[in-house]
Every structure is written in structure tokens, then in C-alpha cells.
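Biologist: Could you take me through one part of this model up close? I'd like the nonpolar core, and then whatever charged pairs you find worth a look.

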Amino acid sequence: MPRLSPIYQDPMSSLIDDLRFALKAPILGWYEATKGTKYEKYAEVILNAPPGKAFSRAIKRASLVWTAKTMEGGASPDAYFQMLFNMVNHDIQTYTDLLPALAEAISMISIVFIVFSGLGLAQIGPTTILGMGMIGFTLWFLTPKDHWLSLTLLDIIGIFAGLGLGLVMAYTGYPNLALALGLLAYGLTVLPRTISDYRLASSVGLRVITSFNELLTKPVPTPLRNLSPIEAFLRPLWIDAKSLGAPKYVSWANTLVGLYITAVSSTKRLVMVYALLMLGISLGFSGFLTWYIMGTIITSGTSQALTMASQYSGLALAGIPLQAYYAIIGSGFASGYALFDHRTASLVAGITGIIAWFLLHAFFTL
């Protein structure tokens, strides 16, 4: 597997070596199939491992290789491949179930934090945005990467545009609005690059499947290009399939890559659902519900009494609208990051921040 930056190495990328081993072992033998994969360092250990528990840790980490060793010579290539395919399928299904469950847990933590912010129980100011941003980055890191991150001229222009507009708004008497407008300015400046990346990312699965299918249908197939981390990780599998040549073995590779791409698509869809859920709850609870409650307090004439009562209860009523505003920006940033990348995060945070400012800015000085 190619050595890419650790930031691109999501948990599912480690399974690609399993795909390569499952393809090559029935043809080349288990020992030769470990070469060039993460299992190469375990090959000698497993080759010379006696019965017992002395090598149990190594064998556990390379259970696929150990199974292949025990089967070799006693099964046909088809049965051999089917056994390894079932093990790989189980591992991929485990990751497909585990990653969304982990994403759900992280999303629920963020939603609880959003609710606490809307109730004024977690008034930590702009630090909210940093915390929510880390949640978004964690969700992004856990999902397979379908496009590369890069620093372009648009990014540099967007950074200066965001900083400049934010400073202008801060010095003209709108310090809270400065943050949302600065993020929005950056997000809009880099929007052409975001759209370009999204178009490229949305066709990753189709490009991968088409390239592997061409191994069966064209004498000179189109190789996988490193247009995304997913394709870069799968390129060694494509090379393995091409080197084997026989249509039967290429069809095995197509079966394996189809399984992997399906799991990637399913994982990304579920993370997208949780990201949108997090954004919707933030806008609904911290935004519109806070606006409704604060508006009701003002119109009913009870704001002064509640403010005095909050001083004794430890609940800073005056700080709730501003904290809700920060929570909305933070959830927008987290959702955008989980949906695509930091550019989308800035755009979504800027838009939601503008909406929140128009809803809540009248209550900032309560």
C-alpha cells in the first residue's frame, strides 16, 4: 500500500492489503502474497510458528494469513478464494458497522453539547467553535477520503479576504458578526475549488469500477490515477489484477473492489446523515428555539426579573443568546467538515452564523 500522509489513512484504508492478499494467495501461495503488504513482517513468524501460544499475538494480527496457510494445498483455488473472500467480507462489514456507530456516538456528544449551550449550561464562548471543529475533524478523519487537500492561490486570497472583512466588521461595531462574515468570505472565495473537488469526489466509485472493468473489456485498460486517496490506495490492487491477466482472476479483483467501494459509499452516506442531523438540531434548538424563548421573555416583560434570578442561580441569562450563536457557528463548522472538508466547513459555518446573528443579535445586550 502506498505511504500517504497519515491524515489520509482512515481505518478502512488498512483493509486494502486484505483485498490484495485475498486476490493473490490462491494463485501465488500465501507466503508470496504477503510481499508488499502489511502482512509481510508476519510471514516469517507464521511460517515457523509452532503449535501453542508463543506467537498468538502475531497470528491474531494476521489471522487472514494464518487461515490461508492452514488451507493451502487442501482446497481448489476457487474454494481457497471463497474462504478468504468471506473473511475479508466479514472484516469490511465490521468496519462498516463500527465506523457509523462511532460517528453516531460523536454526533450525539456534539448534540448534547449544543443543547447545553442553548440552555446556557455550557457558556464557554468562542471556545465552542474550536471544540465543535475538532468533532467535525474527527468525523472527517474516520471516513474514507475521496479528494486531496491542498493550499491553492484561492485559499490564500480567501484567508486574507476573511481576515480583512472580519477586521472591518469588528472595528465598525459588529465584533460578533465579524466571525461569521470572515468564515463566509473565505468559504465563498474558495467555492470554485470546492465545487471542482466535489465533482471529482462524487465520481470516485464510478472511476474505480470502470477502471477495473476495463481489465476485462479492453486490451489497453485505463489505469487508476491518483486523483483521490481512495484511488491511490487501490492502485496496487489494480496492478495486481492486471499482472494476473486471466479473466477469472480479474473477476475476483472486481468482486473485491466492488465490496470495498460499496462499504466506502455506505459509510460516507451515514456520516453525512449524522452531520446534517447535527446541523439541523443546532439551528432548531440553539437558533430558533432560543430566539423564541428570548423573544417571549422580552415581550412578556419578565426579562428583568429573570435576569436578577439568574444572578442567584448561577445561570447567566444574558449570555445564552451569544453562547447559542457560537454553538450554531461551531455546529456549522463541524457539519461542513464532516460533509466534505475545511472549505465546506467555513462556508456552512458562515451561512449558519449569519442566520444565527439575524435571529439572536437583538438579545446580545440583554
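Modeller: Here is a walk through the core, followed by the salt bridges. Keep in mind that this is a predicted model. For the backdrop, the protein has 16 helices and zero strands, and 49% of its 366 residues count as buried. If you take contacts between residues at least 6 apart in sequence, 75% of them join residues at least 24 apart.

Now the core itself. The largest nonpolar core has 61 residues, and Phe21, Phe212 and Leu234 are the ones with the most contacts inside it. Its largest share, 14 residues, comes from helix 13, which covers residues 247-300.

Let's zoom in on Leu234. This leucine lies in helix 12 (residues 229-244), and it counts as buried because its relative accessible area is 0%, where the cut-off is under 20%. Leaving aside neighbours within four places in sequence, Leu234 is in contact with Ile16, Leu19, Val208, Phe212, Leu224, Val257, Tyr260 and Ile261. Phe212 in that list is another of the residues with the most contacts inside the core. As for distances along the chain, Leu234 and Arg20 are 214 residues apart, yet their C-alpha atoms are separated by 9.2 Å.

Follow the contact to Ile261 and you land in helix 13. Ile261 has 9% relative accessibility, so it counts as buried too. Again leaving out neighbours within four places, Ile261 is in contact with Gly205, Val208, Ile209, Ile230 and Leu234. Val208 therefore turns up in the contact lists of both Leu234 and Ile261. The C-alpha atoms of Ile261 and Val204, 57 residues apart along the chain, are 9.0 Å from each other.

Phe21 has its own set of partners: beyond four places in sequence, they are Pro26, Trp30, Ala33, Thr34, Leu64, Val65, Ala68 and Leu84. Apart from this core lies another, of 30 residues, including Ile129, Leu177, Phe333 and Phe363. Ile129 is also one of the buried residues of helix 7 (residues 127-142). Helix 15 (residues 320-339) is mostly covered, with 18 of its 20 residues buried, and its end C-alpha atoms are 28 Å apart, which agrees with the 28 Å you'd get at 1.5 Å a residue.

On to the charges. The structure holds eleven salt bridges. In one of them, Arg193 pairs with Asp197, with the closest N and O atoms 3.1 Å apart. The two are four residues apart in helix 10 (residues 191-202), so about one helical turn separates them. Arg193 is partly exposed at 25% relative accessible area, whereas Asp197 is buried at 5%.

Asp197 also forms a salt bridge with Arg343, at 3.3 Å between the closest N and O atoms. Asp197 lies in helix 10 and Arg343 in helix 16 (residues 342-360), so this pair ties together parts that are 146 residues apart in sequence. Arg343 is buried as well, with a relative accessible area of 1%.

A further salt bridge joins Lys218 and Glu214, at 3.4 Å from N to O. Lys218 is partly exposed at 43%, while Glu214 is buried at 10%. Back at Asp197, salt bridges with shared partners join Asp155, Arg193, Asp197, Asp341 and Arg343 into one network.

Technical notes. Residues are numbered from 1 along each chain as its sequence is written. This is a predicted model: local features need pLDDT of at least 70, side-chain atom pairs count only at pLDDT 80 or more; totals for chains, interfaces and linings use all residues. Side-chain values use heavy atoms; hydrogens and water are left out. A nonpolar core is a set of buried Ala, Val, Leu, Ile, Met, Phe, Trp, Tyr and Cys residues joined through side-chain atoms within 4.5 Å. Buried means under 20% relative accessible area, exposed over 50%, partly exposed in between (1.4 Å probe, protein chains only). Contact means heavy atoms within 4.5 Å. The expected span of a helix is 1.5 Å times one less than its number of residues. A salt bridge is a side-chain nitrogen of Lys or Arg within 4 Å of a carboxyl oxygen of Asp or Glu.
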